[in-house]
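Colleague: I should like a close look at a single part of this model, one strand and its setting, followed outward into the rest of the assembly. Please proceed from the strand to its sheet, and then to the core and the contact between the chains.

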Amino acid sequence: MTLLHVQDLSTHYFIREGTVKAADDISFGIKEREAFGLAGESGCGKTTVALSIMKLLPPAGRIIKGEILLDEEDLVSKKEEEMGTVRWKKISMVFQGAMNALNPVINVGEQIAEAIITKENISKGDAWSRVKNLFELVGLDPKRIKDYPHEFSGGMRQRVMIAMALACNPRLVIADEPVTALDVIVQGKIIELLKELQKKFDLSVMLITHDLSVIAEVCNKVGIMYAGKLMECADATGLFKSPRHPYTQRLIGAYPSVVGEKRRLNFIPGVPPDLINPPSGCRFHPRCPYAKKECPETEPLYVEAEKGRFVACHFVDELKDVLKQGNNP
Amino acid sequence: MTSNTIIKVRNLRKWFPIRKGLLSAFFGKEEYVHAVDGVTFDIIKGEVLCLVGESGCGKTTTGKTIIRLIEPTSGEIYFEEQNVVALGKDEIRKLRCEMQIIFQDPYESLDPRMSIYDTLAEPLIVNKIVSTRDEEEARVFDALEDVRLVPPEQFAMRFPHELSGGQRQRVAIARALILQPKFMVADEPVSMLDASIRTEISNLLTDLRDKYNLTYLYITHDIAQARYIGSRIMVMYLGKIAETGPIENVVMNPLHPYTKALISNVPVPDPTVKRERMSILGETPTPINVPPGCRFHPRCPCTKPICSENEPKLKEVKRDRYVACHSVA
């Protein structure tokens, strides 16, 4: 069953220099117990999509169209007070770099308990015992419940953030770059923890990261964003094995790996566009090796190219075999 | 020393004293951060030696000490036949024409008020390399072309804020290259950049090495990336070398338990690859109170009684493979 359904979502930022089209016509769904990964380079709009779902956009940002349905209930039209019953209780989020945003003068247990008490009508004692359980759940020593943030390492603080996200039994957890600033071994442990918790609580997870390898480890479905647009969305195995969008193929081709044969990695010439004046037609056309006349003229539709697989490219059928062959041209 | 060794490091130590309060300064004993604690290695002409390890393991300190941006506490460093440690200020400046460094953060390593031209011309002027303005211009433009910032006339007049992260890093590379060094320390030169740009820059570094017969000490936390650029790898843990060897060999068949753990935890960008993560206990201790014996023993899955007593020496266990572990023979 689909838990979250996003349809034609556009979120823009209105700043002095103009309108930043950070996310445009984004559509995807997350089923129950599914781990959905949203990937793309910095500035492509991944976090904007997440903040739109949480309705925590900064003042300059506005959802200008589209629907966000959680259990068939539209979040876009919800008022701020109504969102209070959704945030943390139904959808929670581990923010990017949040492990460095814990209040340094309040012990971590207190910070989690406070979040629970604000959201749920329970006594202080009950809240604290829940915090204790959460600590055990994320692999922290419950004896350290009253320690302060500086007494924990980066990996442990990230565990605290995950505990906080789980505090009110949400159904969907959005994790924005949860392992980015961590060392490899700690990163591995957090990845395992996320997988384990997802299974244990039948959670749906939306993982946002620029690192395709992390997505490959955790997610069963992947969306690839470029310059505010969703370019391709498919199940993880299919997407990594035979990408159908030129951008997906190029992005995967740029990733080094410690297994398999070593090949010269390819890269995408040029730089991502300015989202105030994005390129006409397909936003990827100036950097696409397969671009033809149509590409700068009309915007490709985001269509179902195969069952369960959506691609926004004019030449999705023509390129099918070309992209399969790998690094050409 | 064989004639093709360019850098020779013997028993290099760098301890940073910890600043303390007045009372403990009188009564307490002096405490140190053992950032680099006795490392010995050679760098061969033309090779790319990748120095990897987690944050705080001393890799950056090692790199900076070799070119004497940091004064060593003890030990010897030779560049070709010259003893780098014994050199005076003027001689060091001369030597820096031959040894250069590229820093991690291209947003901080360039002076925002200097045009790209001035940034690149400065080392030429300071070291009195050029005598005429024409010569200077030719050298600057050549350097820009080398890092593919073309046309150079256009880039020379820009300021850092007008460039993207990848372009800034190219400027930093050009600045290091303009003195025609023989040896370069590259300290995480791509870790702040997106995957595609990362590949672009590391391919560029490889091409430049071939063109100018350069030698790199390439410092990175990313083993997957190291595998693509390096010829040899050196793994550090808490200020000591754990393992060195030809990179492909080490990545495919790590011998030291720490290297094994590191490599098994690197996420792989392919969902069909299922690997066993090797989990190790706890987290890296601080380099202030280093565990006795083998520094890795409190976390090591195959620890023996001897490990907490004797510090293992780095010894050759197979051809070209050096490991510091009592369990590996």
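Modeller: The account below begins with strand E8 of chain A and then widens to its surroundings.

The model is a predicted one. Strand E8 of chain A covers residues 204-209. It is largely enclosed by the rest of the structure, because 6 of its 6 residues are buried. A:Ser204, A:Met206 and A:Ile208 point one way from E8(A), whereas A:Val205, A:Leu207 and A:Thr209 point the other way; burial applies to all of these residues.

E8(A) has a partner on either side in the strand order, which reads E6-E7-E8-E3-E9-E10-E12-E11 across an open sheet of 8 strands in chain A with mixed pairing. The edges of that sheet are strand E6 (91-94) and strand E11 (302-306) of chain A, each of which pairs on one side only. On average, neighbouring strands of the sheet are turned by 20° against each other, direction ignored.

Towards E7(A), the pairing with E8(A) is parallel and comprises 5 bridges. Here A:Ile208 of E8(A) stands opposite A:Asp176. The connection between these two strands includes helix H6 of chain A (residues 184-200), and E7(A), H6(A) and E8(A) together make a right-handed β-α-β unit.

Towards E3(A), E8(A) again pairs in the parallel sense, over 5 bridges. In this pairing A:Leu207 of E8(A) is the bridge partner of A:Gly37. Strand E3 (residues 35-39) of chain A is in turn joined to strand E9 (residues 221-226) of chain A by 4 bridges, and these two strands run parallel. Within E9(A), A:Lys221 is the bridge partner of A:Phe36. Helix H1 of chain A (residues 46-54) lies across E3, E6, E7, E8 and E9 of chain A, and runs at about 145° to E7(A).

One residue of E8(A) leads from the sheet to the core. A:Met206, which is buried in the strand, is among the four residues that touch the most other members of the largest nonpolar core, a set of 192 residues; the others are A:Ala163, B:Cys50 and B:Tyr218. The element that gives the most to this core is helix H5 of chain A (residues 154-166), with 8 residues.

In chain B, B:Cys50 is in contact, leaving aside its neighbours within four places in sequence, with B:Tyr218, B:Thr220, B:Ala226, B:Ile229, B:Gly230, B:Ile233, B:Met234 and B:Ile247.

The contact between the chains involves 33 residues of chain B and 36 residues of chain A. On the chain B side, helix H8 (195-212), helix H9 (223-229) and helix H11 (257-264) each supply at least two residues. The residues of that side divide into 15 nonpolar, 11 polar and 7 charged.

B:Ile263 gives a local view of this region. It is placed in helix H11 of chain B. With 23 other C-beta atoms within 10 Å, B:Ile263 is buried, since the term requires 20 or more. Leaving aside its neighbours within four places in sequence, B:Ile263 is in contact with A:Val258 from chain A, and with B:Ile223, B:Val251 and B:Pro254 from chain B.

Definitions and conventions: Residues are numbered from 1 along each chain as its sequence is written. Chains are lettered from A and ligands numbered from 1 in the order in which they are written. This is a predicted model: local features need pLDDT of at least 70, side-chain atom pairs count only at pLDDT 80 or more; totals for chains, interfaces and linings use all residues. Two strands pair if DSSP finds at least two bridges between them. Axes are lines fitted to C-alpha atoms, for helices over the stretch in contact, and angles run from 0 to 180 degrees between N-to-C directions. Two residues are in contact if their C-beta atoms, placed from the backbone, lie within 7 Å. A nonpolar core is a set of buried Ala, Val, Leu, Ile, Met, Phe, Trp, Tyr and Cys residues joined through C-beta atoms within 7 Å. A residue is buried if 20 or more other C-beta atoms lie within 10 Å of its own, exposed if 12 or fewer, and partly exposed in between; C-beta atoms are placed from the backbone. A crossover is right-handed if, with the strands pointing away from the viewer, the path from the first strand over the helix to the second runs clockwise. Ala, Val, Leu, Ile, Met, Phe, Trp, Tyr, Cys and Pro count as nonpolar, Asp, Glu, Lys and Arg as charged, and the others, Gly among them, as polar.
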